[in-house]
Structures are given as C-alpha cells and as structure tokens.
Amino acid sequence: MQRYYRDMLLIRRFEEKAGQMYGMGLIGGFCHLYIGQEAVVVGIQAAMGPKDTVLTSYRDHAHMLACGMDSKGVMAELTGREGGYSKGKGGSMHMFSHDKRFYGGHGIVGAQVPLGTGFAFAHRYLDEDAVSVTYLGDGALNQGQVYESFNMAALWSLPAVYVIENNKYGMGTSTERSSAKSTELYHRGQAYGIPGVQVDGMDVLAVREAAEKALAHARSGKGPYIMEMLTYRYRGHSMSDPAKYRSKEEVQKVRQERDPIERLRGIMIERKVMDEAKLKELDKEVKAIVSEAADFAQTSPEPDVSELYTDVYVGA
C-alpha cells in the first residue's frame, strides 16, 4: 500500500508542478494532465510483469512515472531540453523508454491501439512471456481502428489488455452524449468474444486486483481482455481547456468523495500502515523529488541545432 500511495502522490505532485510551469510559459505545446486518475495506472502497473509493454495516448506523464521513468527526464522533455527522454524533440506526447518497455505517448486519437495490438503480435510471434497493455480514452473507443484491432487480437488470440480510461468526457463531450450505453464500454469487445470487466478506477486496490486477472487471462493464451476504468479527471482535457461543460460542484463532489489518494490514505491510517506524521514526511519527500525535476528541466541545455537532422527518416 505504501508504494501505491507514494506512486500516486508522485504523479499528483508532478502533474501539479507541470501545470504551474505551463502557466509560467516554461512548457509549450500541448499538456494533458492526469490529476484524479492516478489509481488506474498505478494499480495496473503493480500487476504487470517485467517484460510487459505499455502504450498510451497523449495523457501520458503518469504512465511514464508509473513504469519507472525518471521524473527529471520526463519534466525535461516537457520543457524541450536535451536531458529529456526524446532529447527535447518529442514534448509532452512523444516520449519513449525501451529500458522501461514504454513505447509512447501518441498524439493521434486511437492510433496507439493498433500499435499495441502489433506489440501483442510480436510477443506471441517471439514466444515472449509478455502482455501488451494499451490504454485509451472513452472518446478514442469510438474510432474504427480500435475495432479492427479488437478483431485481429481476438482472431489470433493475442496477449493484449486494452484499458479504457473512462473519465466521463471525451475532450468536452460527455460519454452520455457520444457513446451508446456509456456506462458499459467494457462490453465493446463482445462481438469478437473478448471478455471485459468494469472497475472502480478511483480505487487502486480494486484496479490491481482486476488487472491481475486480466493479465493472467492474456498471458495464459486465452486472448485479449478489456478493462473499463471508471475514473475522473479534475482538470480540463488539456491546459488550454477551461472545462465549462461541467460544474465546479461536480468536480468538487468527486474530489471529496472518491479521490484515489485520499481513499488509500484513509485505509492506511485505519489499518495503521502509516500515521499522519509518516504521511507528511512522505509528501515532503515527493515534493523534493518533483522540485529537483523542475530545476533540472529548466537548467538542462536546449538541444543542439544538429539534432534537427537526427532520427529523421526520408523515403526515396
């Protein structure tokens, strides 16, 4: 529990700092924060094996941190510096770490799903003991390429787990207005015989338990599995989104009643896993890590001009 709490707290503090730095003009381009959804990625990561791979969309900083990528490298990429994971050339949406088995970060809605399916095919083809975990939002679920991927994964019994992070809004549109049977997205694989489960994505312990079953299913050769995480983002779709399509009362109600960090904090205090003093000390430790990452991100040099021509491929 302590590790889950620390990981969620690191994500929360990192994203808060990223939001501040964006407001100060230190981060350019797009910036999609994960505040409120921390239990999803931390719970799933806790159930994953060392060879499993991860792909996600553009709300991706949390996934990087959860799989062990250094907060300094992630923040430096956000500020476009040489010390970033893509040497400052990828920005918020395009970071990768082969060592951590994290393969993006993809800016095109739904595009990571066929890529994740391809990784699952590679795992099976190479006879690896690995599962491809692909995250997508509720809005991306309505893309045609998602269902082509579901069909292929089911047809070939690929070791793939698709995680739908249903935070109730695809950009500024409620799932109730954009998705048929909006609270039953985990059924979207039924036509292909893909089992699914709906999980309280604000409860890290529930997420971990459900993820263990889903990963075991895919790893055992039974084919793909769909997980729908009922979660919620506290900020707008991106930093440029004022989120006027929902009330402040709605957001505050979720914060007060379902916040994943506060829920786990209450459980740990009740079970005497940690007391208030230790929790405050942990928060202080995490803030120091994030502060160090922010300093590194501002002092790391900008990429050399020659980097404009590296890792660029031109077809004849």
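Helices (H or I, at least four residues) and strands (E, at least two) are DSSP runs, numbered from the N terminus. The model is predicted: local features need pLDDT of at least 70, side-chain atom pairs count only at pLDDT 80 or more, and totals for chains, interfaces and linings use all residues. Residues are numbered from 1 along each chain as its sequence is written, and side-chain values use heavy atoms, with hydrogens and water left out.

The protein chain holds 11 helices and 7 strands. Its radius of gyration is 19 Å, close to the 20 Å that the globule rule gives for 316 residues, so the chain is as compact as a globular protein of that length. This radius is taken over C-alpha atoms, and the globule rule is 2.2 Å times the number of residues to the power 0.38. The C-alpha trace spans about 60 × 50 × 40 Å along its principal axes.

Burial was assessed by relative accessible area: buried means under 20%, exposed over 50%, and partly exposed in between (1.4 Å probe, protein chains only). By this scale, 51% of the 316 residues count as buried. The chain exposes about 14800 Å². Carbon and sulfur atoms supply 51% of that area. Accessible areas come from the Shrake-Rupley method with a 1.4 Å probe; for residues, only the protein chains shown count as cover.

Contacts were also counted (heavy atoms within 4.5 Å). Among contacts with a separation of 6 or more, 74% join residues 24 or more positions apart.

Charge was examined next. Lys and Arg count as positive and Asp and Glu as negative, while His and the chain ends are not counted. Each charge is placed at NZ of Lys, CZ of Arg, CG of Asp or CD of Glu. The chain carries 38 positive and 41 negative charges. Their mean positions are 4 Å apart.

A salt bridge is a side-chain nitrogen of Lys or Arg within 4 Å of a carboxyl oxygen of Asp or Glu. The count comes to 18 salt bridges. One of them pairs Arg6 with Glu285, with the closest N and O atoms 3.5 Å apart. This pair links distant parts of the chain. Arg6 belongs to helix α1 (residues 2-23) and Glu285 to helix α11 (residues 276-299), 279 residues apart. Arg6 is partly exposed at 26% relative accessibility. Glu285 is partly exposed as well, at 39%.

Asp200 and Arg258 form another salt bridge (3.3 Å, N to O). Here too, distant parts of the chain are linked. Asp200 lies in strand β6 (residues 196-200) and Arg258 in helix α9 (residues 248-258), 58 residues apart. Asp200 has a relative accessible area of 28% and is partly exposed. Arg258 is partly exposed at 27%.

The side chains of Glu276 and Arg265 also meet in a salt bridge, at 2.5 Å from N to O. Glu276 lies in helix α11 and Arg265 in helix α10 (residues 260-270), so the pair ties together parts that are 11 residues apart in sequence. Glu276 is partly exposed, with 38% relative accessibility. Arg265, in contrast, is buried at 17%. Elsewhere, Arg13, Glu16, Asp283 and Lys287 are joined into one network by salt bridges that share partners.

Helix α4 (residues 71-78) has 7 of its 8 residues buried, so this helix is largely enclosed by the rest of the structure. The buried residues are Ser71, Gly73, Val74, Met75, Ala76, Glu77 and Leu78. Their cover includes α1, α3 (61-66) and α11. Gly80, just after α4, takes a positive phi of about 75°.

Two further residues were placed individually. Ser174 lies in strand β5 (residues 173-174). Its relative accessible area is 14%, and Ser174 is therefore buried. Leaving aside neighbours within four places in sequence, Ser174 is in contact with Lys168 and Tyr169. The C-alpha atoms of Ser174 and Asp129 are separated by 38 Å, with these positions 45 residues apart along the chain.

Glu212 sits in helix α8 (residues 204-219). At 40% relative accessibility, Glu212 is partly exposed. Glu212 and Glu302 are 90 residues apart in sequence. In space, their C-alpha atoms are 42 Å apart.
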